[in-house]
Amino acid sequence: PAADAAEGEKAGLVVIGEVGETFNPELHEAVMHIDDESLPENSISQVLQKGYKIGDTVIRPAMVQVAN
C-alpha cells in the first residue's frame with residue numbers, strides 16, 4: 001500500500017479533503033451537516049471518504065461532513 005501511494009504521487013495523484021479545510025463544492029461532497037459554534041463556518045469537520053484529483057481534474061470528490 002505505501003508503494004501504491006508513492007506511485008500515485010508520481011502520477012500526479014493528489015488527495016483532497018482534510019479536516020479544517022473550507023468546504024468547496026467543486027472538490028467536496030457534503031453528506032452531513034452539524035452545528036458547532038467552535039468551528040469556522042463552512043469548514044470540514046469530518047472526512048468520510050478521501051477524494052482524489054490529478055492536476056485540475058477531480059477523479060473523486062471527498063465525502064465530508066460540514067460544520068455550520
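**Surface patch, hairpin and a buried serine**

L13, I54 and I59 together make a nonpolar surface patch of about 240 Å². The model is a predicted one. Its mean pLDDT is 90, and 85% of the residues reach 70 or more. Confidence varies along the chain: the mean is lowest in helix 1 (residues 2-10), at 60, and highest in strand 6 (residues 62-67), at 98.

Of the patch residues, I59 lies in strand 5, which spans residues 57-60. I59 counts as exposed because its relative accessibility is 52%, and the cut-off for that class is over 50%. Strand 5 pairs with strand 4 (residues 51-54) in the antiparallel sense, and three bridges join the two strands. In this pairing, V58 of strand 5 is the bridge partner of K53. The two strands form a hairpin with two residues between them. G55, in the turn of this hairpin, has a positive phi of about 65°.

A contrasting environment is found at S43, a residue of strand 3 (residues 43-49). The relative accessibility of S43 is 4%, so S43 counts as buried, the limit for that class being under 20%. The side chain of S43 makes a contact with the backbone oxygen of P40, at 2.8 Å. Thus I59 is classed as exposed at 52% relative accessibility, whereas S43 is classed as buried at 4%.

Notes: Residues are numbered from 1 along each chain as its sequence is written. This is a predicted model: local features need pLDDT of at least 70, side-chain atom pairs count only at pLDDT 80 or more; totals for chains, interfaces and linings use all residues. Side-chain values use heavy atoms; hydrogens and water are left out. Patches are made of residues with over 30% relative accessible area and no salt bridge: like charges are joined within 9 Å, nonpolar side chains (Val, Leu, Ile, Met, Phe, Trp, Tyr) within 5 Å. Accessible areas come from the Shrake-Rupley method with a 1.4 Å probe; for residues, only the protein chains shown count as cover. A salt bridge is a side-chain nitrogen of Lys or Arg within 4 Å of a carboxyl oxygen of Asp or Glu. Helices (H or I, at least four residues) and strands (E, at least two) are DSSP runs, numbered from the N terminus. Buried means under 20% relative accessible area, exposed over 50%, partly exposed in between (1.4 Å probe, protein chains only). Two strands pair if DSSP finds at least two bridges between them. pLDDT is the predictor's confidence in each residue, from 0 to 100. A polar contact is a pair of N or O atoms within 3.5 Å; within protein, one must be able to donate a hydrogen and the other to accept it, and residues adjacent in sequence count only if both atoms are side-chain atoms.
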